[in-house]
Amino acid sequence: MAHIRNNGNIRHGASMRRTLRREAASTIGLLADEQDFAAMRRYRTFAFDDHTIYLQQVESLLKTLSARGTHARVALFDPEEYAEFCAESGIAPDAPASRSRFTAEIASAGATVAYTGQPIDTLIPLLVGRAVRRATWEYGTALLAGLGECADCGQDIGHAAFDRASHLLLRLLETAGPGTHHLVCSTPTDNEHLLAVLHTERGTTGPARLESEEGAEFVTVLAVAVALERPGGVVLRTSSAGAQDRVHGWRLTRGNLVPLSAGEVFSAYCTDADTGEPVAPESHVEYCAGFELGADEPEAHH
């Protein structure tokens, strides 16, 4: 009888471990392009030699985890950052445990995408876009934090610029009215050209529904333009059922969003940013002047 009870305990323990495995989230570090994949092949313990087959195996693993009811996320694995991480942590880079530890570290930074059954060819652009947005936010945040205090009023410049940018975004969304809104903010800095994208929806009543992470990224880029007094710009595209899409634009001048004319919006939207060549206008799109945002608080500039 004691032997039977012992077997029962073993079976119960195994069942509990299976339950825990189902409830434990999994994160996979993905080598999204062939160049990064090739860089990892120098490690003896990295078992793959073909990027296409590697991606197929990753997708198969994600499907298996999903079928088991395991929540899986994918993080972008950067070989250069991995080598730096191993050197700083004093761990051997040619070891599966080190790759797993690094994956856990990059997952904690938030630049991950949840697997919901999407094909790997769909997942990779989402992941790369998320990583780029995260890097933009981190760069902008560090830049704002390093600006210090205003020599005239003693106010923290980065904090004041972030408050100003938050106010401008809220005024823009309030004034834009109902519809599905797609906003783009861009501004140059000394080292990077920062770009942020924001999607919102607003019904006939209530405020716009704003995703917090996208909102923070957008406000950060706008705040950099405010703080540095760079020639930033904002474009808003609004879609409504049964109507043409409307495109509005503004330039940032001394902490204010100044409306562009309809002609300026058309020119900006229908010019290739890289070549300067004209781009054919879209059908079913109305190019409109930017609208006034109304009340100008908090204070625009110190």
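**A buried arginine and the aromatic cluster around it**

Arg99 is buried (under 20% relative accessible area, with a 1.4 Å probe and protein chains only), yet Arg99 has no salt bridge, that is, no side-chain nitrogen of Lys or Arg within 4 Å of a carboxyl oxygen of Asp or Glu; the nearest side chain of opposite charge (Lys and Arg count as positive, Asp and Glu as negative, with His and the chain ends not counted) is that of Asp94, 4.5 Å away. The model is predicted, with local features requiring pLDDT of at least 70 and side-chain atom pairs counting only at pLDDT 80 or more, whereas totals for chains, interfaces and linings use all residues. Residues are numbered from 1 along each chain as its sequence is written, and side-chain values use heavy atoms, with hydrogens and water left out.

Arg99 lies in helix H5 (residues 96–108), helices being DSSP runs of H or I with at least four residues, numbered from the N terminus. Not counting residues up to four places away in sequence, Arg99 touches (heavy atoms within 4.5 Å) residues including Tyr43, Phe77 and Tyr82.

These three aromatic residues, together with Phe85 and Phe102, form one aromatic cluster, in which rings of Phe, Tyr and Trp (its six-membered ring) pair if their centres lie within 6.5 Å, planes under 30 degrees apart counting as stacked, over 60 as edge-to-face and the rest as tilted. The structure holds 12 aromatic pairs. Among them, Tyr43 and Tyr82 are edge-to-face, at 5.9 Å centre to centre and 90° between the planes. Tyr82 is buried, with a relative accessible area of 0%.

How values were computed: Helices (H or I, at least four residues) and strands (E, at least two) are DSSP runs, numbered from the N terminus. Buried means under 20% relative accessible area, exposed over 50%, partly exposed in between (1.4 Å probe, protein chains only).
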